[in-house]
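Thanks for coming, everyone. Please bring up the model and keep it open while I talk.

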Amino acid sequence: MQYTRNPPLEVDQLSPDPLLQLEAWIGAARDAGMIEPAAMTLATVDAGGQPSARVVLLKALSADGLTFYTCYESRKGRDLAGNSQVAATFWWDRLERQVRVEGRVEPLPRSHNQSYFASRPRESRLGAITSRQSRVVATRAELDARLQAVTELWQGRAPECPDHWGGYRIRPHCVEFWQGRSGRLHDRLRYRRAGDGWVIERLEP
Ligand SMILES: Cc1cc2nc3c(=O)[nH]c(=O)nc-3n(C[C@H](O)[C@H](O)[C@H](O)COP(=O)(O)O)c2cc1C
């Protein structure tokens with residue numbers, strides 16, 4: 001596969017803030033017709049040093065970092081309780097671009113989780129209450145029956161955010177922007193934290 005879509009990527013084209021640059025690339029991926037331009041593969045590490053990775057949706061991007069929501073009792077939630085270091089990647093095939101993020105997560109305050117939860121569709125809220133993500137369940141029917149019971153329990157009332165559900169914010173210390181070039185000498189520009197600001201360095205492909 002030859003990557004021919006992009007003109008050369010130069011430092012002076014990038015925002016001084018990697019999160020603004022990431023926002024621009026997600027916007028470009030959306031404009032290019034990608035269905036889930038904010039989907040990122042998130043890697044965590046367990047107490048034994050075993051990494052695991054899965055896709056989650058980036059729901060907010062600000063100067064504070066990257067926010068995603070999940071079940072705190074899931075495999076990733078348990079990993080993050082013991083080790084807050086994460087890596088995340090985005091890949092947009094239509095743009096021939098990748099972004100890599102490394103940093104630490106912090107769980108969001110319960111008050112934030114409650115207000116975000118309240119903004120979600122009712123079906124998503126009932127699903128979050130029902131599912132103890134990553135646990136073994138004997139049958140699909142068991143899960144469906146539990147959803148039915150939860151739906152009846154909250155009939156006529158606004159489902160409340162359970163303690164086991166909420167967000168994390170990734171505070172990055174390193175963000176790399178990769179763009180395919182023809183031949184194999186792709187462009188890689190990496191931001192790393194230096195004091196209050198960022199240093200951008202070019203990496204060999
Ligand atoms: C496109 C896509 C988006 C997803 N978004 C989320 C998400 O935002 N939060 C989440 O907990 N799981 C999300 N998932 C499911 C996760 O990939 C994963 O199955 C789940 O979080 C359990 O992972 P764990 O057992 O490693 O904790 C998404 C999956 C896909 C394919």
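**From the strands to the ligand**

Start with one pair of residues: Tyr191 stands opposite Ile200 in β9. A word of caution before we go on: this is a predicted model.

Those two residues bring us to a pair of strands. β8 pairs with β9, residues 197-202, in the antiparallel sense. The count there is 6 bridges. The two strands form a hairpin, with 2 residues between them. Look at Gly195 in that turn: its phi is positive, at about 65°.

Now stay on Tyr191 and turn the other way. Which residue of β7 does it face? Val175 stands opposite Tyr191 in β8. β7 and β8 run antiparallel, and 6 bridges join them. One more pair on this side: Gln179 has Asp187 as its bridge partner in β8.

Tyr191 has another link, this time to a helix. Gln21 is found in helix α1, residues 18-31. Leaving aside neighbours within four places in sequence, Gln21 is in contact with Gln13, Leu14, Ser15, Phe177 and Tyr191. Is Gln21 buried or exposed? Its relative accessibility is 8%, so Gln21 counts as buried. The cut-off for buried is under 20%.

Next, β7 itself. How many of its residues are buried? The number is 13 of 15, so β7 is largely enclosed by the rest of the structure. We have seen β8 paired with it. Strand β6, residues 97-107, is joined to β7 by 11 bridges. Those two run antiparallel. One of the positions to find is Gly103, whose bridge partner in β7 is Pro172. β4 pairs with β7 as well, again antiparallel, over 6 bridges. There, Phe68 stands opposite Tyr168 in β7.

Before we follow β4, a stop at the loop. Between β7, residues 165-179, and β8, residues 187-194, lies a loop that holds His186. Why call His186 buried? Because its relative accessibility is 9%, and buried means under 20%. The His186 side chain reaches the backbone nitrogen of Arg181 at 2.9 Å. Not counting residues up to four places away in sequence, His186 touches Tyr3, Trp178, Gln179, Gly180, Arg181 and Pro205. Gln179 is the residue we just met opposite Asp187.

Back to β4, and on to the ligand. Which elements each supply at least two residues of its shell? They are β2 (51-57), β4 (65-71) and α2 (75-82). So β4 is a useful strand to follow: it pairs with β7, and it also supplies residues around the ligand. β2 gives the most, with 4 residues.

Here is the shell by name. Around the ligand sit Arg54, Val55, Val56, Leu57, Tyr69, Thr70, Ser74, Arg75, Lys76, Gln133 and Ser134. By class, that is 4 nonpolar, 4 polar and 3 charged residues.

Now the polar atoms. Each of these distances runs to an oxygen atom of the ligand. From Val55, a backbone N or O atom lies 2.7 Å away. From Thr70, a polar side-chain atom lies 2.6 Å away. From Gln133, a polar side-chain atom lies 3.2 Å away. How much of the ligand does the protein cover? It covers 63% of the 620 Å² of accessible area that the ligand has on its own.

To recap: Tyr191 faces Ile200 in β9, β7 is largely enclosed, and β4 pairs with β7 and contributes to the ligand shell. Over to you for discussion.

Methods
Residues are numbered from 1 along each chain as its sequence is written. This is a predicted model: local features need pLDDT of at least 70, side-chain atom pairs count only at pLDDT 80 or more; totals for chains, interfaces and linings use all residues. Side-chain values use heavy atoms; hydrogens and water are left out. A residue is near a molecule or strand if one of its heavy atoms lies within 4 Å of it. A polar contact is a pair of N or O atoms within 3.5 Å; within protein, one must be able to donate a hydrogen and the other to accept it, and residues adjacent in sequence count only if both atoms are side-chain atoms. Accessible areas come from the Shrake-Rupley method with a 1.4 Å probe; for residues, only the protein chains shown count as cover. Ala, Val, Leu, Ile, Met, Phe, Trp, Tyr, Cys and Pro count as nonpolar, Asp, Glu, Lys and Arg as charged, and the others, Gly among them, as polar. Buried means under 20% relative accessible area, exposed over 50%, partly exposed in between (1.4 Å probe, protein chains only). Contact means heavy atoms within 4.5 Å. Two strands pair if DSSP finds at least two bridges between them.
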